Amino acid sequence: MSTPQDILLIGVGVMGQGIAQVAAQAGHRVFLFDQLEGAAAKAREKIAATFDKLVAKGKLTRADTDATLARLVPIATLADGRSALLAIEAVVERLDVKHSLFQQLEDLLPEGAILATNTSSISVTAIGAGLKRPERLVGMHFFNPAPLMKLVEVVHGLRTDVAIATQVEQLARAWGKTPVHARSTPGFIVNRIARPYYAEALMLLQERALAPEQLDALLRGAGFRMGPCELMDLIGLDTNYAVTQTVFAANFYDRRFTPSLVQRELVEGGLYGRKSGQGFYRYPEGAPALTPCASTALAPGRGIEVHGSGAVASLLAEAAREHGVTHARASAWTGVQVGALQLRQTDGRPAWQIAQSEGVAHVAVFDELPTTAGGAIAFAAAHPQDAAQAAGVLAALGWQPVQMADAPGLAVARTLAMLVNEAADAVLQGVCTPDGADAAMKLGVNYPAGPFEWLQRLGRARVVHLIEALDACYRGERYRVSPWLRRGETT
Ligand code: NAI
């Protein structure tokens, strides 16, 4: 096996430190450079402290960590790293700074060296403009914390040589990462596809459709590790707002990416989340407990009639078994009926609209079924007097009912549909492949499934209906169905 090449790591802040650790653990000698005097040595000390903890836990041996630390070499000037065949920069997120750094590196490093940027939002094409060898510049976008997160987006700009991107992909794989190929477009894959996770939550909060702790419980019920509000509090409302603004501006102010007034107000008030002690929640307390919604218990022996066919109807029949399922019956809608009350899974239309257009006297809609037993599920009734009974039926089926305003697509269904839609547009525009999008979202932000896996589960027609119902309600450009979904492609 050939000796791994030397790497020059520039900017040893949060990300640079993590990337340096990964590369050194993979056997590379890593030169550490930072414009801040002493920062490189300090970064090495911090990595050593991390290693001490891992050795104490028995996860690494002292011999291994000593060898790795010996490969981390702080340097005082960029020129001290001139033997490197790969330079990775993780300096401040500014085009002018990154651009001039790469101009310096081009003159300094061997002609065959690869230049990689860890930028999270700047165009790789723009960074490469004016370089002598722009074909050797590639995005190598790690996720925080770099030693733990498996995803690396390998981003190619207009002039990046395919062979260079491929080499970087192979390297990332050799470092135990999963590289996913992305075209240099605003937000690349993860930061773009993830936007609706925050945007739909913020939209519902703006309408006062439900409380942050309800939203978080609902999305956790759908399998996400963290709900959108607690996640924004963790990331920092200021940081999350900045990324949203960047993606919005970079897309020529496409209204689909419009930032939220709710978020802007929090940021303007200095309510950044955990780091400032308050965001959607106060800290250290965090989210308050959910207030149970008013519920009328289902009378014993009261039959539950399941409507529709397919996976959701089967799950409902399974959940209703102990209450005596009258029988599953073919129906234009999927859900359950108890007496005169129809509880339909949302197709995007609010309950009031179903009541009005179909002349149904008693109707409520419920959200995607939770993936965990006892998980929270949103519902909304067309008439307030039916809410308690609807809650009782959902509770009898084993879920925790959460009443919210009668908003189109409720909470989880609209979020998933919009995530799928954004991913479909990314694929349409050649940013990534469906498999790449799935891997990126699962490995970069820990989603419980990839957008194309959800598409498989929900079905293309359902996703299109959900978004069309949102569009019918709000009008404008935000809820436009991706042509990729309309084309009916599933691969
Ligand atoms: P940071 O602020 O923690 O570290 C930046 C470091 O670069 C500092 O130590 C600073 O002294 C140094 N620096 C600035 N200009 C320099 C220059 N011209 N030459 C040498 N050193 C210089 O920033 P962080 O969070 O590590 O971000 C670095 C890059 O990684 C940015 O491009 C950011 O967008 C990207 N990124 C950040 C992620 C995050 O979660 N923080 C995730 C993925 C990418």
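Trainee: Which residue has a polar backbone atom 3.2 Å from a nitrogen atom of the ligand?
Mentor: This is a predicted model, in which local features need pLDDT of at least 70, side-chain atom pairs count only at pLDDT 80 or more, and totals for chains, interfaces and linings use all residues. Residues are numbered from 1 along each chain as its sequence is written, and side-chain values use heavy atoms, with hydrogens and water left out. A polar contact is a pair of N or O atoms within 3.5 Å; within protein, one must be able to donate a hydrogen and the other to accept it, and residues adjacent in sequence count only if both atoms are side-chain atoms. The residue is Gln 35.

Trainee: Which residue puts a polar side-chain atom 2.7 Å from an oxygen atom of the ligand?
Mentor: A ligand oxygen atom also lies 3.3 Å from a polar backbone atom of Val 91. The side-chain partner at 2.7 Å is Ser 120.

Trainee: How much of the ligand's accessible area does the protein cover?
Mentor: Areas come from the Shrake-Rupley method with a 1.4 Å probe; for residues, only the protein chains shown count as cover. On its own, the ligand has 830 Å² of accessible area, and the protein covers 74%.

Trainee: How do the residues of the shell around the ligand divide into nonpolar, polar and charged?
Mentor: The ligand has 21 residues around it (a heavy atom within 4 Å). Met 15, Asp 34, Glu 93, Lys 98 and Ser 120 come nearest. Ala, Val, Leu, Ile, Met, Phe, Trp, Tyr, Cys and Pro count as nonpolar, Asp, Glu, Lys and Arg as charged, and the others, Gly among them, as polar. The split is 10 nonpolar, eight polar and three charged.

Trainee: What volume of space lies in the largest pocket?
Mentor: On a 1 Å grid over the protein atoms alone, a pocket is an open set with protein on both sides within 12 Å along at least five of seven lines; a cavity is a set of points where a 1.4 Å probe fits but cannot get out. Grid points are joined across faces, edges and corners, and a volume is the space filled by probe spheres set on the points. For the largest pocket, that space is about 1500 Å³.

Trainee: Which residues lie nearest the centre of the largest pocket?
Mentor: Lining residues have an atom within 4 Å of a point. The lining divides into 27 nonpolar, 18 polar and five charged. Of its 50 residues, those nearest the centre are Met 15, Ser 120, His 141, Asn 144 and Thr 239.
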